[in-house]
Each structure stands twice: as C-alpha cells, then as structure tokens.
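Let's take a walk through this model together, starting from a single side chain and working outwards. Have the sequence and the 3D view at hand as you read.

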Amino acid sequence: MTSKILTSNVATVCGWWAGVAGALAVGAGLLEFRPPLAVWALAGAAAAAGAGLAARARVLLWVACGLSLTAGCTLLMDVIALLFGQRVDSVTGAVTHALGLVGALLTGAVAMAVTGRRNAAAAAPTGPPGRWIPYLGVLTFLPYVAMKLHWALGGTFAGVSGAEVLAQSERNGASGLWLTLERWGLDATVLMALVGILLLFCLIRPWGLRLPRWLPLTPALIGTATLVPYGLLGLGYLVLAQTGAVGISSGAFHSEDDTLLVAWIGYTAFSGYGVALLAATRWYWRRTRGHGGPTPLRRP
C-alpha cells in the first residue's frame, strides 16, 4: 500500500511538472524571437510525460526523461555563474535547465515505478566499489586543471596568453570575484573541479556515508545529469570536427587546431569526470537506500 501511495504521489508531482514545464516552454516560444534550444526539448519532454502518465507508457516516460536531461544538461554552468556572482546567459534558459533536471528525476522515477523496478529489492553493495572511480575523475581533470592554472599564472598555451584569457573574461562580463581570482593566479573552474573531486571521494569513502544522504546526492545528481550528456555529446562533436565533417569556430584562439586542442582537453575532463561521478552516485544511492540520515561508519 505504501509503495502504491508513493508511486501515485510521484506521478502526481510529475504531472504538475509537465504542466508547468509545458506552459513555460510554450510561453518562451511565443515571447522570445529565438528561444533557447533547451526550451523545445522541455516542451517535448512535457508532452511525452503527459502522454506517458495518461497511458502508463514506460517508453514515453523514458523519452521524457531523456529530453529533460537534454534540456537541463547545462544547469551546472548556470549554478557556477551564480556562485561567483555572475549573471546567467538567459533567465529563461536557466529556469528551463532547472526544470529539465527536476523533470529527468521525476519521469525516471515514474518510469521505474510503472514497471515495478523502482520497488525491486536490489542488493546493496556491502563494501567500497572499485577504488579507481575517484582516481579516474582526478586523472581526467589533471590536464584541464594544469591548462587553466597555467593561464591564470600568466603562461601561454594553444597560442593564447594568460593576459588574453583575462581580457576575454572581462569582455564576457565576468564578475569581480572571478576576475580577482584570476589576477591572484587562481581559476574559478579549477576550484570547482577540486570541489567535484572531493565529492567523488565523499561518495566512495566510508566517511561519506556518515553524512545526511541528501547532502552529497544533491550536487552529485546535478553534476551527473549535466556533465555526462554535455561531455559525451561534446566529444562526439569534436570527432566530427576533427575529421572535417563539421566546422568549428576558432573563437578566442588563433587557429582551429588550437581550438580543437583546448576543446579535447575540456570535454575529456567533463565526460571522464561525469562517468566517474555517475558510477559513484549509483553506488552511493544503492548503499544508502532507505536511509535518510547518516549511515553508521563501518569498516569495509
């Protein structure tokens, strides 16, 4: 009975989400001349979720989940901008990204509940998973961190100097805090990378199990839903660009080769860390299922 009530409540919340998301997407499409692409993904997700709930169609719910992830896959960028006192590129886009991530969690939960998988008794892991998981995230981020710190310390990489990077940040409207950190030889994205690495170890190591469950899971879910699709899609695009199938703008760099070099470093870091975070989050979710508070510390 409790299971049925929980499933019904989640489905109801998902229905409300579909209504709000659909209204926002339609409104943004009518009011903005060029609404963000994520708006259309959110509109499709809302329609698929509504049809899936009405027919209890698992496939439609998973389609809605996938479209929601597409709509919300850059939410982390908005969060980082706000943390460092910067404006988001688009308020409509930021709201769309947030609704997309919420919708992905809701539609995924309902899709599993429809087939009974959500209530299946999966055996929780009793010990730590492969210890390689956090180190994979560290290794994939090392080239990115080194590149960013090199620029912040005034060095030149891919034909661009640290002074040029700082000037570009100023032209792009970076906040005072962001610019101050760069002048001190620090980079805001490097600091966030270090926080992300700490999160990985928190999800894997026994001491992380003593925290309230929501504390590591909230940033972990945002990071996973953002970095996995963003990084993997980015790598796919780079493969096409490297082979000449699609063009790529040099942007702030002096040549396409320099742009590709920096892009490979960045997207490899995002996708590699995202996959490691996904594995760690899955393990932590299963290990702490049914526990809302801290888990007693046990020796592995």
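Leaving aside its neighbours within four places in sequence, which residues is Leu179 in contact with? Before the answer, please keep in mind that this is a predicted model. With that said, the partners of Leu179 are Leu166, Ser169, Glu170 and Ala174. Leu179 itself sits in helix α8, and its relative accessible area is 10%, so it counts as buried, the cut-off being under 20%. You can also look from Leu179 across to Phe84: the two are 95 residues apart in sequence, yet their C-alpha atoms are 9.9 Å apart in space.

Now widen the view to the whole of α8, which covers residues 176-183. Four of its residues, Trp178, Leu179, Leu181 and Glu182, are buried. Looking down the axis of α8, you will find the buried residues within an arc of 160°, so they line one face of the helix. What do these buried residues pack against? Their partners are the helices α4, α6, α7 and α9. Just after α8 ends, Gly185 adopts a positive phi of about 85°.

One member of that buried set deserves a second look. Glu182 is a buried residue with no salt bridge. The nearest side chain of opposite charge belongs to Lys148, and it is 6.3 Å away, whereas a salt bridge would need a nitrogen–oxygen distance within 4 Å. Not counting residues up to four places away in sequence, Glu182 touches Ala152, Val165, Leu166, Ser169 and Asp187. Leu166 and Ser169 are thus met again here, being among the contacts of Glu182 and also among those of Leu179.

From here we can step back to the nonpolar interior. The largest nonpolar core has 40 residues, and those with the most contacts inside it are Phe141, Tyr144, Trp151, Leu200, Leu203, Tyr273 and Leu277. The elements that give two or more residues to this core are α4 (75-83), α6 (132-152), α7 (162-171), α8, α9 (188-204), α10 (214-242) and α11 (256-287). Of these, α11 gives the most, with 10 residues.

Tyr144 makes a good place to pause in this core. Setting aside residues up to four places away in sequence, Tyr144 touches Thr189, Ile265, Gly266, Ala269 and Phe270. Finally, a second, separate core holds 20 residues, including Cys14, Ala41, Ala46 and Ala109.

Note on methods
Residues numbered from 1 in each chain as written. Predicted model: local features only at pLDDT ≥ 70, side-chain atom pairs only at ≥ 80, totals over all residues. Heavy atoms only, no water. Buried < 20%, exposed > 50% of the residue type's maximum accessible area, 1.4 Å probe, protein only. Lys, Arg positive; Asp, Glu negative; His and termini not counted. Contact = heavy atoms within 4.5 Å. Core = buried A, V, L, I, M, F, W, Y, C linked by side-chain atoms within 4.5 Å. Arc of directions from axis to C-beta.
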